[in-house]
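Please follow the sheet of this protein first, and then the site where its ligand is held. A short walk through both is given below.

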Amino acid sequence: MLEVIKTRNELDAILNKVPKEYSIGLVPTMGNLHDGHLSLLNESTQQNDLSIITIFVNPKQFGPTEDFNQYPRTLDEDIKKIQNLNLKKQVIIFAPLNATEIYGENFTTTISMGAITQQLCGAIRPTHFDGVTTVVYRLFKLSRAHRAYFGQKDFQQCFIIKKMVKDLEIPITLHILPIIRDQKGLALSSRNQYLSKEQYEKALHLPKTLIKIEKAIGENQHFQSIIDEELLNKDWDYLQVLDSDTLEQPTQKTKELVVIGAYRLGSTRLLDNRLVKYNA
Ligand code: AMP
């Protein structure tokens, strides 16, 4: 039921034999799997006959000074974690040998979506989302998936991928699943392991602050003063309350807000967000 493959040829050979009526679910990851990733795979196996989880540290989404080389690569452990789920459906782990298996030879295309890729995380990582949209498009194509599963933790990424699917009329249904957190409330992330003990304790300030703002919104209090005070602390890359539908400033029409932040601990950036119903 579980197969590990490393080339596009192997993937094509499997997909060519899949019955036409089968539904295929895709779970794109960069590996070093945790319960957040596994929740996506679990959901995919419940909804599809065949699930493909990809494990690929995509060089295109890392800037020249970022952690591409250090990013944790733990394929053997990842495979064990998936085996231990004892999933009853067919699962393929596609861990390409190299980038050519994803992009082919002489690939020069970039999918670039403009202004939304330059705000929030994009203001600090200006080429990041071009790398994300380009690889996700390739993965959609290679996997022939009907459904794809992403985590709300990367809210801006989900927003951008939704828009790409709409703009390019890609025939795939997106499923955005809730953030899985550890016992203390920190969103799980492969980058959490970079944190020292002290940095971990400090990192909890990120989810706690988002909860504080969420509460203030719920009680109709002035939340902007909390944000202004927080931003005096330069560890925040950003902390904002936006319309979750547009990723712009809330308006009279806003139905739901996203409280969204990126917090830096040494060279590690952590992301988190919370959705809050809103009646202006
Ligand atoms: P990554 O390997 O970091 O690229 O993440 C692969 C997928 O897992 C993305 O769709 C992420 O949003 C999702 N993901 C990462 N962390 C979590 C989490 N804590 N809870 C739910 N989904 C997550």
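Leu26 has Ala148, a residue of E5, as its bridge partner, and in this predicted model the strands E2 and E5 are paired in the parallel sense over two bridges. These two strands belong to an open sheet of six strands, which runs in the order E1-E4-E3-E2-E5-E6 with parallel pairing. At the edges stand strand E1 (2-5) and strand E6 (173-177), each of which pairs on one side only, and from one strand to the next the twist averages 20 degrees. Helix H7 (residues 155-167) packs on this sheet, where it touches E5 and E6, and the direction of H7 makes about 170 degrees with that of E6.

Turning to the ligand, one finds 16 residues around it, the closest being Met30, His37, Asp154, Ile180 and Leu188. By class, this shell is made up of nine nonpolar, five polar and two charged residues.

Where do N or O atoms of the protein approach the ligand? In the side chain of Asp154, an N or O atom is 2.6 Å from an oxygen atom of the ligand, while a backbone N or O atom of Gly151 lies 3.0 Å from a ligand oxygen atom. A nitrogen atom of the ligand, in turn, has a backbone N or O atom of Leu188 at 2.9 Å. Of the 490 Å² of accessible area that the ligand has on its own, the protein covers 92%.

Strand E2 (24-29), helix H2 (35-47) and strand E5 (147-151) are the elements that give two or more residues to the shell around the ligand, and H2 gives the most, with three residues.

Key:
Residues numbered from 1 in each chain as written. Predicted model: local features only at pLDDT ≥ 70, side-chain atom pairs only at ≥ 80, totals over all residues. Heavy atoms only, no water. Near = heavy atom within 4 Å. Polar contact = N/O pair within 3.5 Å; in protein donor to acceptor, adjacent residues only side chain to side chain. Areas by Shrake-Rupley, 256 points an atom, 1.4 Å probe, with all protein chains shown as cover. Helix = DSSP H or I, 4+ residues; strand = E, 2+ residues; numbered from the N terminus. Nonpolar A, V, L, I, M, F, W, Y, C, P; charged D, E, K, R; others polar. Pairing = 2+ DSSP bridges. Axes fitted to C-alpha atoms, helices over the stretch in contact; angles between N-to-C directions. Contact = heavy atoms within 4.5 Å.
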